[in-house]
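User: Got a minute to walk me through this one? I'd like to start with the strands.

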Amino acid sequence: MRAPWLLLLLSGCAPAVQSSGHLLLVAGGLVEGRVAQLQQQTFLLPSAPLLAAAHSGILYAAYPYQLLVYTPGSPVQSLPLPGIPRFLHARPQPLVGLKGGLYRPGVGLLPYSARDGRATPLGIFWVSAKGFFLNQDQLASGDFRWVVAEGSEAIALSDHEAVVYPSGLHFPLPTSPRAVALSQNLYLLGAQGLFALSPTGLEEAFYPGSFQGMTADHQGVYLLKDRQLIILSPQLEAP
C-alpha cells in the first residue's frame with residue numbers, strides 16, 4: 001500500500017490566528033480552535049466549538065446552547081440549543097445529542113435518553129444501555145454504544161456485536177470500536193487500526209496504525225494521526 005496522503009494541519013493559506021490547540025476532525029477537514037479548514041476552504045468561527053461535523057461541504061459547529069451552520073454561499077445560520085451538546089452528527093441529517101434528549105433542527109427537542117443517535121428520513125435511530133430504537137419503537141435489546149445509518153439501513157453497535165436494521169442480522173465485531181462510520185462500508189476504528197466491513201460483517205479491508213479519530217463520507221475515509229489529516233479511499237487505499 002502506498003504511503004497515505006498527509007494534509008498538514010492549517011496549510012499556508014490559513015489565516016494567521018492563534019490556535020487554542022483544540023482539534024476536531026470532520027468529514028473533509030479539520031477544526032482547530034476557531035479556524036475551520038473544509039474542502040479547500042479556510043474560515044474563522046466566532047470561537048472554538050465543543051463539537052463539529054460536516055456533510056456535503058456544510059459545517060455544523062456546536063456550542064453550549066447554540067448550533068451554527070455554515071453553508072457555502074449562504075449567511076451563517078444560528079440555531080438555539082436547549083442545553084450543552086454531548087454529540088453531533090451531520091449525516092444522514094443533522095442531530096445533536098443533549099443530556100435531556102436529542103435536538104433535530106426544524107423539529108426541536110425529542111425526549112430520547114440516547115448514548116448515540118442518527119436522524120434519517122425514516123425517523124431517529126438511537127441507542128442506549130437498554131437497546132436499539134427507531135423513534136419510540138425498540139428494535140433490539142442490548143447495551144449499545146453507537147449507531148450509524150445510510151439509506152434505509154441502520155446498524156447499532158456494542159463493544160463486541162452489531163445489529164442491522166431492517167434485516168435483524170447480528171454479527172461479531174473484529175475490534176472494540178473507538179469510532180464508527182457507515183458509508184460504502186461499515187468502518188470501525190480500533191486500537192490496532194481501521195477495519196472496513198460489509199453491511200453483513202465481512203472484512204473488506206484493514207488499515208493498520210494508531211489514530212486519534214475517524215469519520216467517513218461518500219468521498220472517502222478521514223483519519224486523525226498526530227494532529228495530521230489522512231485521507232483514504234472508501235476501500236482504505238491512499239489516493
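Analyst: Sure. Two strands pair if DSSP finds at least two bridges between them, and strands themselves are DSSP runs (E, at least two residues; helices are H or I, at least four), numbered from the N terminus. This is a predicted model, where local features need pLDDT of at least 70 and side-chain atom pairs count only at pLDDT 80 or more, while totals for chains, interfaces and linings use all residues. Residues are numbered from 1 along each chain as its sequence is written, and side-chain values use heavy atoms, with hydrogens and water left out.

User: OK, which residue of E12 does Gly-97 stand opposite?

Analyst: Leu-102. Strand E12 covers residues 101–104 and runs antiparallel to E11, with three bridges. The two make a hairpin with two residues between them.

User: And how many bridges does E11 have with E10?

Analyst: Four, again in the antiparallel sense, with E10 covering residues 85–89. Pro-85 sits across from Leu-98 there, and the hairpin from E10 to E11 goes through five residues.

User: Which way do the E11 residues point?

Analyst: Leu-95 and Gly-97 go one way, Val-96 and Leu-98 the other, and all of them are buried (under 20% relative accessible area with a 1.4 Å probe, protein chains only; exposed is over 50%, partly exposed in between).

User: Switching to Arg-118: what is the nearest side chain of opposite charge?

Analyst: Asp-116, at 4.7 Å. Arg-118 is buried and has no salt bridge, which would take a Lys or Arg side-chain nitrogen within 4 Å of an Asp or Glu carboxyl oxygen. Arg-118 belongs to strand E14, residues 116–120.

User: What do the side chains of Arg-118 and His-89 do?

Analyst: They share a polar contact of 3.5 Å; that term covers N or O pairs within 3.5 Å, where within protein one atom must be able to donate a hydrogen and the other to accept it, and sequence-adjacent residues count only if both atoms are side-chain atoms. The Arg-118 side chain also reaches the backbone oxygen of Val-147 at 2.9 Å.

User: Where is Asp-217?

Analyst: In the loop between strands E26 (213–216) and E27 (221–225). Asp-217 is buried without a salt bridge too, and Arg-91, its nearest side chain of opposite charge, is 6.4 Å away. A 3.0 Å polar contact links the Asp-217 and Tyr-222 side chains.

User: Last one: what does the chain average in pLDDT?

Analyst: 91, with 91% of the residues at 70 or higher; pLDDT is the predictor's confidence in each residue, from 0 to 100. Residues 1–20 stay under 50. Where pLDDT is low, the predicted coordinates shouldn't be read in detail.

Conventions:
Lys, Arg positive; Asp, Glu negative; His and termini not counted. Contact = heavy atoms within 4.5 Å.
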